[in-house]
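Colleague: I've got the sequence and the fold open side by side, and I'd like to talk through how the pieces fit. Can you walk me around?

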Amino acid sequence: MESLGAAQIRELAEQLNLRPSKSLGQNFVIDGNTCRKIVRLSEVNQNDAVLEIGPGLGSLTLVLLANAGSVVAVEIDKRLAEQLPKTIAAHVPERASNLHVINKDALNITEIQPTPTALVANLPYNVSVPVLLHLLEYFPTITRGIVMVQAEVAQRLAAKPGSKAYGIPSVKLRWWADSQIASAISREVFWPAPRVDSLLLSFARHEHSDIHNESLRLRTFAIIDSAFAQRRKMLRSSLGTFLGSSERASELLIAAGVDPTDRAENLTLEDFIAIARGISLPS
Ligand code: SAM
């Protein structure tokens with residue numbers, strides 16, 4: 001399946017008078033092999049309605065459309081959102097009716113038609129974690145996906161307890177899904193080339209008995225936030241501020257089967273959930 005090459009991307013950008021915006025993370029993929037690799041690793045097929053965040057000039061969208069049943073593309077930049085259907089119609093007119101473009105901030109979308117089954121995206125790097133968590137929260141029909149993010153962020157998202165990279169994104173993502181690093185991506189495949197390395201992160205939604213308990217999730221996320229706000233401190237102290245006193249924190253931790261002298265980076269999601277069961281949030 002064809003994608004857009006460097007010359008076509010630059011030509012399109014020129015036509016639109018587009019200077020790639022840093023704040024919107026506009027680094028466009030100019031290498032068809034990279035787009036094909038992302039779509040191959042995603043394993044999407046004709047039964048999938050794929051959600052793509054930040055389609056940009058459409059290089060990944062073109063390959064997605066050739067492999068998926070349909071694509072919903074959410075793009076914040078009006079010029080890009082308006083251009084995308086035209087680019088698709090010019091390259092694959094027979095697939096054009098399978099593309100739905102939404103000109104919105106991905107962080108604000110709460111409804112999508114057709115209901116997405118998978119997420120495949122080269123995410124805007126400055127908002128990649130909140131966007132990923134937002135989508136997993138609001139679209140339970142997304143059962144799997146693959147996203148390109150800054151390498152350090154991918155490592156944090158996929159990190160396991162006890163590692164340096166383990167932190168808030170790792171535990172929160174784990175509420176919704178299992179994830180793993182799928183591949184490295186060279187800086188050379190982008191225009192403009194980013195100053196950071198990139199990795200592909202694949203994820204698969206999992207079920208656990210508390211996944212639909214929204215109150216418990218909010219309490220768990222609040223505990224995770226406070227525990228990692230002072231990650232080098234012992235939990236009785238890092239959670240003491242949030243819970244009123246270190247004595248109260250110690251009581252709760254012991255009741256949850258967690259050592260009060262342990263640190264946030266050693267706790268599993270299940271540990272955080274056990275602690276959260278003991279608290280209520282102020283309404
Ligand atoms: N998918 C394209 C590619 O691979 O060439 C572009 C990827 S570029 C890294 C990120 C894209 O996300 C840009 O097109 C940018 O305008 C868009 N974007 C940035 N912030 C966004 C947001 N909050 N919601 C939706 N799209 C956003």
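Modeller: Sure, here are some questions and answers on the sheet, the helix packing and a few backbone oddities, bearing in mind that this is a predicted model.

Colleague: Let's start with the sheet. Which strands stand at its edges?

Modeller: The sheet is open and has seven strands, in the order 4-3-2-5-6-9-7 with mixed pairing. A strand with a single partner has one side left without a neighbour in the sheet, so the edges are strand 4 and strand 7.

Colleague: And what does the twist average from one strand to the next?

Modeller: Strands of a sheet pair through backbone hydrogen bonds, either parallel or antiparallel. In this open sheet of seven strands the pairing is mixed. Going from one strand to the next, the twist averages 20°.

Colleague: At the strand 4 edge, which residue is the bridge partner of valine 72?

Modeller: Strand 3 (residues 70-74) and strand 4 (residues 99-102) run parallel, joined by four bridges. Look in strand 4 for the partner of valine 72, and you land on histidine 100.

Colleague: How does the chain get from strand 3 to strand 4, and what is the hand of that crossover?

Modeller: The route goes through helix 4 (residues 78-91), making a β-α-β crossover. Helix 4 lies across both strand 3 and strand 4, and its angle to strand 4 is about 165°. As for the hand, the crossover is right-handed.

Colleague: Over at the other edge, which residue stands opposite aspartate 178?

Modeller: Strand 7 covers 177-185. Its eight bridges go to strand 9 (residues 198-205), and the two run antiparallel. Opposite aspartate 178, in strand 9, stands alanine 204.

Colleague: On to the helices. Are helix 5 and helix 7 roughly parallel or roughly antiparallel?

Modeller: Helix 5 (residues 128-138) packs on helix 7 (residues 168-176) with the axes 10 Å apart and an angle of about 20°. Anything under 35 degrees counts as roughly parallel. The pair is therefore roughly parallel.

Colleague: How many of the residues in that contact are charged?

Modeller: Helix 5 brings Val129, Leu132, Leu133, Leu136 and Glu137, while helix 7 brings Pro169, Lys172, Leu173 and Trp176. The crossing is left-handed. By class, the contact of helix 5 with helix 7 has seven nonpolar residues, no polar ones, and the charged ones number two.

Colleague: What about helix 2 and helix 3: are they parallel or oblique?

Modeller: The axes of helix 2 (residues 32-42) and helix 3 (residues 59-67) come within 9 Å and cross at roughly 45°. The crossing is right-handed. With that angle, the two are therefore oblique.

Colleague: How many nonpolar residues does that contact have?

Modeller: From helix 2 you get Cys35, Arg36, Ile38 and Val39, and from helix 3 Ser59, Leu60, Val63, Leu64 and Asn67. One residue of the contact of helix 2 with helix 3 is charged and two are polar, and the nonpolar count is six.

Colleague: And helix 9 against helix 10: parallel or perpendicular?

Modeller: Helix 9 (residues 235-243) and helix 10 (residues 246-255) have axes that come within 7 Å and cross at roughly 115°. That makes the arrangement roughly perpendicular.

Colleague: Which residues of helix 10 does helix 9 meet?

Modeller: Helix 9 passes helix 10 in a right-handed crossing. On the helix 9 side, the residues are Leu235, Arg236, Leu239, Gly240 and Leu243; on the helix 10 side, they are Ser246, Arg248, Ala249, Ser250, Leu252 and Leu253.

Colleague: Now the backbone oddities. Which residue does a cis peptide bond join to tryptophan 191?

Modeller: Most residues other than glycine have a negative phi, and most peptide bonds are trans. One cis bond joins glutamine 113 and proline 114, with omega about -10°, in the case of a proline lying in the loop between strand 4 and strand 5 (118-122). The residue joined to tryptophan 191, again with omega about -10°, is found in the loop between strand 8 (190-191) and strand 9: proline 192.

Colleague: Last one: what is the phi of asparagine 17?

Modeller: You'll find asparagine 17 in the loop between helix 1 (6-15) and strand 1 (28-29). Although asparagine 17 is not a glycine, its phi is positive, at about 55°.

Key:
Residues are numbered from 1 along each chain as its sequence is written. This is a predicted model: local features need pLDDT of at least 70, side-chain atom pairs count only at pLDDT 80 or more; totals for chains, interfaces and linings use all residues. Side-chain values use heavy atoms; hydrogens and water are left out. Axes are lines fitted to C-alpha atoms, for helices over the stretch in contact, and angles run from 0 to 180 degrees between N-to-C directions. Angles under 35 degrees count as roughly parallel, over 145 as roughly antiparallel, 65 to 115 as roughly perpendicular and the rest as oblique. A crossing is left-handed if the near helix is turned anticlockwise from the far one by less than a right angle, and right-handed if clockwise. Contact means heavy atoms within 4.5 Å. Two strands pair if DSSP finds at least two bridges between them. A crossover is right-handed if, with the strands pointing away from the viewer, the path from the first strand over the helix to the second runs clockwise. Ala, Val, Leu, Ile, Met, Phe, Trp, Tyr, Cys and Pro count as nonpolar, Asp, Glu, Lys and Arg as charged, and the others, Gly among them, as polar.
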